[in-house]
Amino acid sequence: MRLALAEAVRAGERGEVPVGAVVLGPGGEQLAAAGNDREASGDPTAHAEVLALRAAARTAGQWRLSGCTLVVTLEPCTMCAGAAVLSRVDRVVYGAVDAKAGAAGSLWDVIRDRRLNHRPEVVMGVLAGECAAVLTDFFARRRPTRPV
């Protein structure tokens, strides 16, 4: 999660919403890492998870990421949860809960939906406070304070 947090911080420094993701191979080795890149790329799908999964697939030489773990600082949205399922990762580990758009147990639970043919293990709340703080600090700096 520390690697994903570093990616989140870098994304925030670039003006992106600070979310970071890392894909670990079956032996725990880092296959890929990414931070959000929607603003710079103009790509609505350039979420950290999607970018990291794409890069990991290139590194692995195949789209099936069986045995891999996706680590992300914020609970995946429906798009990213679907990408995790379709990539066949074995587990998804995330930090902060996303009560507004989370799809790995809070608002929805796409990843563990019994109707799907692949259901990764979900581990939530890893360094949740630190992950949430990166987001909170980012948005606090962007929003002007209102006079009371």
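This is a short walk through the structure above, from its overall build to a few of its residues.

The model is predicted, so local features need a pLDDT of at least 70 and side-chain atom pairs count only at pLDDT 80 or more, while totals for chains, interfaces and linings use all residues. Residues are numbered from 1 along each chain as its sequence is written, and side-chain values use heavy atoms, with hydrogens and water left out.

Let us begin with the whole chain. It holds 5 helices and 5 strands, where helices (H or I, at least four residues) and strands (E, at least two) are DSSP runs numbered from the N terminus. Following the sequence, you meet them in the pattern α-β-β-α-α-β-α-β-β-α. The C-alpha trace spans about 50 × 30 × 25 Å along its principal axes. The radius of gyration is 15 Å, which agrees with the value near 15 Å for a compact globule of 148 residues; this radius is taken over C-alpha atoms, and the globule rule is 2.2 Å times the number of residues to the power 0.38.

How much of the chain is buried? Buried residues make up 46% of the 148 residues; the word means under 20% relative accessible area, with exposed over 50% and partly exposed in between (1.4 Å probe, protein chains only). Of the contacts (heavy atoms within 4.5 Å) with a separation of 6 or more, 55% are between residues 24 or more positions apart.

Now turn to the strands, which count as paired if DSSP finds at least two bridges between them. Strand β1 (residues 20–24) and strand β2 (residues 30–35) run antiparallel and are joined by 5 bridges. One of the partnerships links Gly 20 with Gly 35 in β2. The hairpin of β1 and β2 has 5 residues between the strands, and Gly 28 there takes a positive phi near 90°.

Strand β1 also runs antiparallel to β3, with 4 bridges between them, and here Ala 21 stands opposite Val 72. On to β4: this strand runs parallel to β3, with 5 bridges joining the two. Leu 74 stands opposite Ala 96 in β4.

Why is β3 described as largely enclosed by the rest of the structure? The reason is that 6 of its 6 residues are buried. Two of its residues make good stopping points. Thr 73 lies in this strand, which covers residues 69–74, and is buried with a relative accessible area of 2%. Leaving aside residues up to four places away in sequence, Thr 73 touches ten others by name: Met 1, Ala 4, Leu 5, Ala 8, Pro 18, Val 19, Gly 20, Gly 95, Ala 96 and Cys 131.

Leu 70, also found in β3, is buried with a relative accessible area of 0%. Beyond residues up to four places away in sequence, its contacts include Ala 21, Val 22, Ala 84 and Val 93. Another of its contacts is Leu 53; the two are 17 residues apart in sequence and 7.8 Å apart in space, C-alpha to C-alpha.

Finally, look at helix α4 (residues 78–87), whose buried residues are Cys 80, Ala 81, Gly 82, Ala 84, Val 85 and Ser 87. These buried residues pack against α3 (48–60), β3 and β4 (91–96). Just after α4, Arg 88 takes a positive phi of about 70°.
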